[in-house]
Every structure is written in structure tokens, then in C-alpha cells.
Amino acid sequence: MQPNSIEASAPVVTTAPPELSIGEILSILWRRRWIVLAITLAGGVAALTTALLLPKKYEAEVLLAPAAQQSGSGLGALGGMASRLGGLASLAGISLSIGTDNTAEAIATLQSDALTQRYIEENDLLPILFSRRWDAERQQWKTKKIPTPWRGNEYFKKKVRRVTEDTRTGLVTLSITWTDPELAARWANDLVALANNHLRSKAIEEARRAIAYLGEQAEKTSVVEVRNAIYSLMKSEIEREMLARGREEYALKVVDPAIPPERHTSPSRPLWLIGGLFVGFVLAAFVAIVRERR
């Protein structure tokens, strides 16, 4: 018998390419500086061209000071009576307010989905918000999936409207960002007026209901002190209604109204150029190192 010949195959050893030091990388970039320069400039030109082609957006701002709503003076001694009547009033769905600050409610109303959607519907803003889907010549939508007011509201609060509050000063800023500066300023001022009108109407309705409720409670009691306290509360609610009817800027006082801006806020061409040059340089360095290793 002849012994079988066994061929032992030698193991294949793969070595990773050595790591490059900073000096070696700089040396590679210098040797291939023209490639690096060309790719870097190409990235900057591409980014700047993109910034020039993108539509300009303008930001209009309204500076607001929330107005604290006071329901009258001299009601400190009536706190206990207001608390007892307030418990009964809450069961009837009536709010008795004594010296309350409605700042949080005013800011929430300014961002209200219901009011924003109503404003979009009343002013027919869907063709403007979704102009790419709208055929202006035929006055009809280009696609079968027609945007709804709900979609318009979602787009509006994510891309168009921004509300910020300065906790130090208490001032509120409503910002509207859009491609048309005239529309941006108009929308900002209109939303503030809409929020004020809504809160004013709500305050008038609540005051009316409170006055009617307090009048019923006054007729049910024969205690003079209680009736006097109820009449004092009724006086405060009457003052509240008069304040709501007589003040146009009921909850949000306009410190600085929005005006059409002349300078666009985005796209920022210098930032786009710097970003393009940076991305181009990184890509150029990668290409130079890969070609050097090959």
C-alpha cells in the first residue's frame, strides 16, 4: 500500500493596512491638493446653488404681554363665601373667578388646534399651504388626495407657527414663517386677534351665567350677610363682563405688532456655503486617502 500524500495548505494571513498618522494624512492631502481643492469647491458650489434655488422664507413676529384678568377689588374678605358658592357653581358648570391670571389659558388658546383650523377654513388657506398640489389656473387640486383642514392645521403648527414664552419677562412671541412676508405678518396679527376675540366671548358668556346663578342663590336665602356677599360677587362678575366688552385686547396685549419683514431668514446662504465646503472637504479627504492606499 502506498501512503496517501496529504498536502497541507498554509494558512492565509491577512494584515490590516497600517493606521495613518496625522502627519501622513496631511502629507497625502498636500500631494493630492488639486483633487481636494476641486472636490471641496464643488461641494461649496453645489450647496450654494441649492440655497439659491430654495424658496426664501420670512419670519414675522408679534410681541405680546398676557393681561392678568382681575375680577374686581375688595373681594379678599369674601374668599370663604366665594369658595362655598364656587363649589356649587362648579356643579352647574359655572366658574366664579376672583383675581385669576389667565396667562396659561391665553397661550394655550393662541396655539389652539380648533381656532387654527377654523382660521384655515374661513380664509381658505389650504391651497396656499399646499400650493404644490393646487392648480391655480383650473382652481382645483392636482391629486385625488385632497388636503383636509386637519392636515392643514398639522402642517401649520409644525412648519409655520411658533409660540415662545420668556419666563423672565413674561412676554410671549408668536412667530409665523412663510414664503410671503405680507401673508406672514397678516397671519400673525390675525391669530392674535382671533385668540382675543375667543377669550373675550368666553369671558362674557361665563360672566352672564355666573350672574344668573348668583341671582338665583340670592333669592333662595334670607340671611342679610349672605345676600350682601352674593351681591358683591355679582358686582365683580358684572365688572368682569364690562371689562371684556370694553377691551379689545382682552387676554393678549400687543406690545409690538407683526410687520412684513424685508429680509428672509432661510435659507441662510453663508451657512449653506460653509456646510457645503465642509462636506466637500471631508469627501475629498476620503477620496484622496483611498486613492493613495490603492
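Leu 41 belongs to helix H2, where helices are DSSP runs of H or I with at least four residues, strands are runs of E with at least two, and both are numbered from the N terminus. The model is predicted: local features need pLDDT of at least 70, side-chain atom pairs count only at pLDDT 80 or more, and totals for chains, interfaces and linings use all residues. Residues are numbered from 1 along each chain as its sequence is written, and side-chain values use heavy atoms, with hydrogens and water left out.

Two residues are listed here by relative accessible area (buried is under 20%, exposed over 50%, partly exposed in between; 1.4 Å probe, protein chains only).

| Residue | Relative accessible area | Class |
|---|---|---|
| Leu 41 | 47% | partly exposed |
| Arg 162 | 41% | partly exposed |

Leu 41 also helps to make a nonpolar surface patch of about 640 Å², together with Trp 34, Leu 37, Leu 48, Leu 52, Leu 273 and Leu 277. Such patches consist of residues with over 30% relative accessible area and no salt bridge, with nonpolar side chains (Val, Leu, Ile, Met, Phe, Trp, Tyr) joined within 5 Å. A salt bridge is a side-chain nitrogen of Lys or Arg within 4 Å of a carboxyl oxygen of Asp or Glu. Accessible areas come from the Shrake-Rupley method with a 1.4 Å probe. Helix H2 (33-53) and helix H10 (269-293) each give two or more residues to the patch, and H2 supplies the largest share, five residues.

Arg 162 lies in strand E4 (residues 161-165). Its C-alpha atom is separated by 8.5 Å from that of Gln 111, 51 residues apart along the chain.

Note on methods
Patches are made of residues with over 30% relative accessible area and no salt bridge: like charges are joined within 9 Å, nonpolar side chains (Val, Leu, Ile, Met, Phe, Trp, Tyr) within 5 Å.
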